[in-house]
Amino acid sequence: MFFLTYLRRELRRRMRQAIFIALGLAVGIGLVITVLGASTGVKAAQAKVLRALYGIGTDVTVTTKPKPPSARPATGGQNAAGPGPGGGHATICLNGKCYTSGTIDTLVSGDSGALSAAAAGQIARLHDVSAAAGGLLLTDTRVVLPSSSSAPLQPPTSVSVDGTDISHPDLGPLSNGKLTDGRTFTAADAHADVAVVDANYATANKLKVGSTVTLAKTKFTVIGIVTQPQASSPPGVYIPLARAQALATDPGTGNSMRGKVNTVYVTAASAADIGAVQAEIEHLLPQATVTSSSDLASEITGSAASAAKLAGALGKWLAVLVLIAAFAVASLLTMAAVARRVPEFGTLKALGWRSSRIVSQVLGESVGTGIIGGLAGVGLGFVGVAIIDKVAPKLSATVPSAGSGLQTQVAGSGSGPVAGGPTGAAASHAATIAVPMSASVTVGAIILAVLLAVAGGLLAGSFGGWRAARLRPAAALARVA
Amino acid sequence: MTINVQHETPIYRLAGVSKIYRKGSREIPAVRDLDLEIRAGEWLAVQGKTGHGKTTLLQILGGLDRPTRGQVEFGGQDLASIPEARVRKVRASSFGFIFQTFNLVPTLSAQENVEAALIPLGVHLAQRRARVSAALDSVGLGDRAQHLPGELSGGQQQRVAIARALVKAPKVLLADEPTGNLDEDTRDEIISLLDTLWRERGLTLVLVSHDSSVVRRAQRIGVMARGHLSIRQDTRR
């Protein structure tokens, strides 16, 4: 009671100085919150990109390298194109088969090799794993060969396809989607020719619920349309995993993907277990590539990554420097204040006050000032974050694509290769996308601010308190004289 | 009115006390080989010129400073050699200080300034308030309890300081030039108040002053000159 009365009176007496110290701390803490807010915003933007690739709940993904294509007795090898034996017709060889006419529609696995579907179950049983689901990231490529040698060859079209494990709706790319029309998969759809399509793909191809989309020459009925976050490069079509396995081909072996997956999405029991989960999976599947979300984040390039580095390096150090300056000023001013109060503390010592009591009084006043500074700093932090939200330029991120295209060459009649790989979102191995950044103040940042404020107050007060504690009563009273 | 009863047993026994300050390699003796006994309930006044060791002697008596040599026996304990924590306890419970410049905490009210003396004793809040109120009443400032020092005259501030010294019911009152900052009328008021309180409460009063009219009221007068104390008068009032 007396402690608080004394503390309140002293703060009021030295209000100008208290305000000055509090403002110094507020600027430092405000800057820390702003940097943290910006950093959180950039991280959230990166997370959006990652979620778009692998879903909300995925901590770790498991893939494997594809097997090299085996030699086949076909023109140009396994997947090749060139003038046909007819002397003018285009010829396309895929997975050991050569075509000179008609429509070629193939659904093939992307960059990753095939894993046994049972691997997902084995991973799910690991100690630190909460859930695991297999998926197939595929590319459907469609090429229409002209019926006559004089007709021009149309470039191929392709779309990325996700074979979704319906029993694990919280894992995989579809988990991040927001249903805008129709419905999503149910258990009854496990073996049905039904598809959920991405809103952008639906718009581009004039698809709606009830329309059909053809994949690997099989018609799928569209049952739902989903949107993915703006900062994403999502698959165009989602189909049940079992159907994807039945229709897809492994480009490395030319075999069916029945009983196979090419990605396993894994959720760790807790964020702290991610490292352990990685190690456990690497032990279980030595040939597999185990990638955590932080590994994936490091693969992101572009201005989002630059902003993350800027916020993480320059911003952090700037905030640290300002904080150090604020703490130093607060400490010096507190020590100066204690020097002016030497006679007062000497008198209190003469009255029998313990040094610790006087020190705690000084510390209490400093911490009080620090808390005021911390609250003001939180306010300044909100202002700083709002300014960043207003003025920050839109970021871009270059991310590894969810699927990869079929490496197909198409040759025109007698004129050699005329077209490269497939087109569409899945065509390239990396995609550059706009990333909207929204800086925000988190509860953690506010708690950190309050802790910093208290630490700043304690630091300043401990210097002052140490000085007060060293006073001998006679020496202090001599200052009065 | 209660009359101060003096005991023959000394409350203080100082033997061979010297205090030497060091400034670089130079030694400045403030008190030299001082032997002194002060009886319980006695009023001893110490007179002397500025810089001749009066305040140093008072600080040694009050446990605010330690002598360079010698013994300062108070209540069976040698204040010169016991640990600082024990000296602080003795100071908190047995000594009341009155300073020339009043030394009140400017942000605390009269009541809170007096209350500050009870904080080290761990007195409960309700009891603290009652004792503070009684102490302020005893110096005639019961109606000024909520005033800040800046709102009080010099005489009133010194009364608050006296109340602060008395509120813990000390055995010894140590006053260093208590009237040095006051005009003549106020000086007489304060000295009369001290005289009354000394008589009523059976206090041992050691008062340092260079003012002869103040010193004259004491039972014994000592004079400090170049660090030596000589007792000139023993009125035995």
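Two residues are in contact if their C-beta atoms, placed from the backbone, lie within 7 Å. Keep that idea in hand as we walk through this structure, which is a predicted model.

Let's start with chain A. Among its contacts between residues at least 6 apart in sequence, 83% join residues at least 24 apart. In other words, that share of these contacts links parts of the chain at least 24 positions from one another. Chain A has 481 residues, and buried residues make up 48% of them. Its backbone forms 12 helices and 20 strands.

Chain B can be described in the same terms. It has 237 residues, of which 48% are buried, and it holds 7 helices and 10 strands. For contacts in chain B with a separation of 6 or more, residues 24 or more positions apart account for 71%.

Now look at a pair of helices in chain A. Helix 10 covers residues 355-391 and helix 11 covers residues 443-470, and the two pack with their axes 7 Å apart, at an angle of about 150°. An angle over 145 degrees counts as roughly antiparallel, and therefore helix 10 and helix 11 of chain A are described as roughly antiparallel to each other. Their crossing is right-handed. What kinds of residues make up the contact of helix 10 with helix 11? There are 17 nonpolar, 14 polar and 1 charged.

Just before this pair in the sequence, you can find helix 9 of chain A, at residues 342-350. Helix 9 is largely enclosed by the rest of the structure, because 7 of its 9 residues are buried. Among the buried ones are Glu344(A), Phe345(A) and Lys349(A). Just after helix 9, Gly352(A) takes a positive phi of about 105°.

For a contrast, turn to Thr180(A), which lies in strand 9 of chain A, residues 178-182. Is Thr180(A) buried or exposed? Thr180(A) counts as exposed because it has 12 C-beta neighbours inside 10 Å, and the cut-off for exposed is 12 or fewer. Even so, Thr180(A) has partners from elsewhere in the chain: leaving out residues up to four places away in sequence, it touches Ala199(A), Ile225(A), Val226(A) and Thr227(A). Take Val226(A) as an example: it is 46 residues from Thr180(A) in sequence, yet their C-alpha atoms are 5.4 Å apart in space.

Next, let's visit the nonpolar cores. The largest has 86 residues, and those with the most contacts inside it include Val114(B), Leu136(B) and Ala163(B). Helix 5 of chain B, residues 154-166, gives the largest share of this core, with 6 residues. Val114(B) shows how such a residue is surrounded: setting aside neighbours within four places in sequence, its contacts include Val132(B), Leu136(B), Val160(B) and Ala163(B). A second, separate core has 53 residues, including Val62(A), Phe220(A), Val222(A) and Val290(A).

Finally, where do the two chains meet? Here 20 residues of chain A are in contact with 20 residues of chain B. On the chain A side, the elements that give two or more residues are helix 1 (2-13), helix 9 (342-350) and helix 12 (473-480). Helix 1 gives the most, with 6 residues. By class, this side of chain A has 12 nonpolar, 3 polar and 5 charged residues. You have already met helix 9, so it is a good landmark for your eye: this largely enclosed helix also helps chain A touch chain B.

Conventions
Residues numbered from 1 in each chain as written. Chains lettered and ligands numbered in written order. Predicted model: local features only at pLDDT ≥ 70, side-chain atom pairs only at ≥ 80, totals over all residues. Helix = DSSP H or I, 4+ residues; strand = E, 2+ residues; numbered from the N terminus. Nonpolar A, V, L, I, M, F, W, Y, C, P; charged D, E, K, R; others polar. Core = buried A, V, L, I, M, F, W, Y, C linked by C-beta atoms within 7 Å. Buried ≥ 20, exposed ≤ 12 C-beta atoms within 10 Å, placed from the backbone. Axes fitted to C-alpha atoms, helices over the stretch in contact; angles between N-to-C directions. Parallel < 35°, antiparallel > 145°, perpendicular 65-115°, else oblique. Left-handed = near helix turned anticlockwise from the far one by under 90°.
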